[in-house]
Structure formats: C-alpha cells, structure tokens
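Please load the model in your viewer, switch on a cartoon view, and keep a selection prompt at hand. The stops below go from strands to rings and then to polar and charged side chains.

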Amino acid sequence: MKKASIAALVAACLMVCGAACAQGTLRLDGAIEAGQTLTIPAPYSGMTGDYIVRAGDELAAGETLFTISATEITADCDGVVAALYAHPGDSAAYITGRYGALAYLEQGVVYTGDCTISGAASDSENKIVHPGERVYVRSVSSNSRKGTARVISVSGKGYTLEVETSDELRVDEQIKVYRESNFDSDSCIGSGKLNRADPVAVSAEGYVLGVYVKEGDSVSRGDVLMTVVPDQIGAATGGDGAVVMPEDGVLLSVSAQSGAQIAKDAPMATYCPAGSMQLVCSVDENDLGGLRPSMKAVVTLDALPGETIQATLVKIARAANERGEFDVTFSLEADESLRVGMSATAEL
C-alpha cells in the first residue's frame, strides 16, 4: 500500500475516533425538577385547621395534610340507634326524603303521658304542677302496674310527663299521678293517659362526611353520631375531616391558610408524585445535532459526586428558553437521593 493511502486511512480513523470520543463525553448541566405537578383541592367548603406540613416534605399516601371543619350531629337523647340510613358521602336531603331522617333513636324513655289536674287532691297545692319535678304513676285498672316519671312541660291545667321506669305499664293505659311513692290519695296531682315515646329522628343538611355509630348502639345525649359538610365530598379526604396525601410524593407548595375559610375545589397544595422527578438541562443550539430521544445518559448529582443515576433523554424543546438555549429533559431511574432543585450533570 502506498504511504499516501496509509496516511489517509489513519487520518480517517482518527477523525472517526475523535468524533466518537467527543460524542461520548458530551456533558450537560441542569437541575432536578418535578416531572408532574398535581394539585390537592379542598374536598368541600369549611375552615382550615392548624397544620404542620410545608413545601419540601416527603409524604406517604394517606398521611394527613390538613383538616377542614365539619358539623357534628349529636344525639338529642339517651337511647339506642334503632335505624341508620346514612353513610359517608350521602346527600342528607336525599336520605331524609327517602327515609324521613338520617337515623332514628329509640328513646330510653318508654312512655310519655298527657295529663291534667283532673282528679287531683282537693288541696290547692296539688293542683299546681311544676316542670321538672319527679312523680309516681300508677295504672287505674291495676295497682301492680306502676312507675316513676318526670314532668317535662306544663300548660294551664295540663302537663306532660316522661316515664323513666316502668313496672308493666302499657301503651294507652289510664293512669293517676302522685307526688308520694306510697300513692297516697292526698298526694294525687291528676290523671292522664300513656303514649308510646316516639323514636327521635336525626336530621341534618349537606353531605355526610363520617358516621360513628351503628344500629343497636346505645348512645347518650350529646354523643357524636355523624359529621356533615356543606358540599358534595371529593376523593382526597378521610372520614374525620382530614385531607390526606393521595399518593406517595413530595409537596411542592402549600397555599392553604390555617384558620381561613376555603371553598370547595380551591387549591390547598401541589405535589410531585414519587418517582416522577426528571433532569432538565439547557443546551446550545450547536450541540442539538448530536441529540436524539431515547439516548442513554449517566447522571451525577453535584451533592453526591461518587454516585451515578441512569437516565434516558425523553424530550428536546422546539423553542429556545429565556437564555436562548434549548431545554432537554431526561427521565431518571428511581433513586432516594433525588430532590427537586438539586444541580446535576448528564453525560452522554
């Protein structure tokens, strides 16, 4: 082979090798960014409670972010939950329209009595009945059927009582009422008729957030039965007024304000789902020719120079950024070291 031909061949090899080496050592500087930014909206209207989360927190799915106040529906009387129709998410208006109430409580009081001072002892004191006083009742037809009661209201010569204990008393039974437990005639303050104590209807307006009782439960007056909110409930909520993290991820921003009213669907925070971080680098237009989507790269974080992360070029911008360069985006393999805002270098 002639010397000129050999020299030309060597020069061509060096050029190919040089081009390959140059391509293999292209270094692009950039920063880790959120691959997705998702919003966490208020699931219903209300007042935002105190919270401790802040931008940058890494949170697991189901962790509580915020609380929004809900209206508590409590028992109006002691009793037993006889029927429960409402479930979380239900419209109170729909359930009430269908069943007459969200739930019914059978009162601890078995009977009520509609009474008058008719038949009271002649002493004028026995013809003045006082609301709240405890009295004794007995069947007109059988002395063995008796009980204790409390006067709950008085109107003129009439009064109403609730039977608190009963020894075989019956619905629609005619009774006499006494101030003394020995049923002495001189303590009689009137007579009346027993009625069944109606179940107490539980009602509310809005949408049911949580239900804390079940049928057959015994409840006391003031016990919380359920909570309701004004709006139809969104998905990102627990059963106790809590707004929870919908999936594993990192909070990017928090816009909710403690103690402030918030409207349904108003943004409370934004987050980046776990595993969706990416590297964005700026590239001079002269280097774009050597880049193609799906090219593999090795990424090094400035904070961890000894560690590398595998990456794939997924997007090349069609328009220049504010610096006159072009953004190229790399997807990254999952790595717990990644944090939004970190400086990094991709090497192709």
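Two strands are taken to pair if DSSP finds at least two bridges between them, and the elements themselves are DSSP runs numbered from the N terminus, helices being H or I runs of at least four residues and strands E runs of at least two. This is a predicted model, in which local features need pLDDT of at least 70 and side-chain atom pairs count only at pLDDT 80 or more, while totals for chains, interfaces and linings use all residues. Residues are numbered from 1 along each chain as its sequence is written, and side-chain values use heavy atoms, with hydrogens and water left out.

**The barrel**

Begin by colouring β1, β23, β26, β25, β24 and β27, which in that order make a closed barrel of 6 strands with antiparallel pairing. On average, neighbouring strands of this sheet are turned by 40° against each other, direction ignored; the axes behind such angles are lines fitted to C-alpha atoms, for helices over the stretch in contact, and angles run from 0 to 180 degrees between N-to-C directions. Next select residues 304–316 and 326–332, which are strands β25 and β26, paired in the antiparallel sense over 5 bridges. Which residue of β26 stands opposite Ala311? Label Leu332, and you will have that partner on screen.

**The open sheet**

Now move to β15, β8, β7 and β17, a set of 4 strands that in this order form an open sheet with antiparallel pairing. Select 200–202 and 218–219 to see β15 and β17 at the edges, where each has a single partner strand and therefore one side left without a neighbour in the sheet. Between β8 and β15 the antiparallel pairing runs over 3 bridges, and Ala103 can be shown together with Val202 in β15, which it stands opposite.

**Aromatic rings**

Show the aromatic side chains next: the structure holds 5 aromatic pairs, where rings of Phe, Tyr and Trp (its six-membered ring) pair if their centres lie within 6.5 Å, and planes under 30 degrees apart count as stacked, over 60 as edge-to-face and the rest as tilted. Select Tyr85 and Tyr104, whose ring centres are 6.4 Å apart and whose planes stand at 85°, so that the pair is edge-to-face. This pair links distant parts of the chain, since Tyr85 is in the loop between β7 (79–84) and α2 (92–99) and Tyr104 is in strand β8 (residues 103–107), 19 residues apart. In the accessibility classes used here, buried means under 20% relative accessible area, exposed over 50%, and partly exposed in between (1.4 Å probe, protein chains only); Tyr85, at 26%, is partly exposed, and Tyr104, at 21%, is partly exposed too. Add Tyr99 to the selection, and you have one aromatic cluster of Tyr85, Tyr99 and Tyr104.

Then select Tyr136 and Phe183, where the ring centres lie 6.5 Å apart and the planes stand at 80°, so this pair is edge-to-face. Tyr136 belongs to strand β10 (residues 134–139) and Phe183 to the loop between β13 (174–178) and β14 (188–196), 47 residues apart. Is each ring buried or partly exposed? Tyr136 counts as partly exposed at 26% relative accessibility, whereas Phe183 counts as buried at 12%.

**A serine contact**

Select Ser142 in the loop between β10 and β11 (146–155), a residue that is buried with a relative accessible area of 17%. Its side chain makes a polar contact of 2.9 Å with the side chain of Ser144; such a contact is a pair of N or O atoms within 3.5 Å, and within protein one must be able to donate a hydrogen and the other to accept it, residues adjacent in sequence counting only if both atoms are side-chain atoms.

**Salt bridges**

Side chains of opposite charge can pair when their charged atoms come close. A search of the whole structure finds 9 salt bridges, each a side-chain nitrogen of Lys or Arg within 4 Å of a carboxyl oxygen of Asp or Glu. Select Glu133 and Arg179, whose closest N and O atoms are 2.9 Å apart. Glu133 lies in the loop between β9 (111–116) and β10 and Arg179 in the loop between β13 and β14, so the pair ties together parts 46 residues apart in sequence; both residues are buried.

For another, select Lys193 and Asp172, which meet in a salt bridge (3.8 Å, N to O). Lys193 is partly exposed at 36% relative accessible area, and Asp172 is partly exposed at 47%.

End at Arg323 and Glu322, which form a salt bridge with closest N and O atoms 3.7 Å apart and are both exposed. Adding Glu325 shows the network of salt bridges that links Glu322, Arg323 and Glu325.
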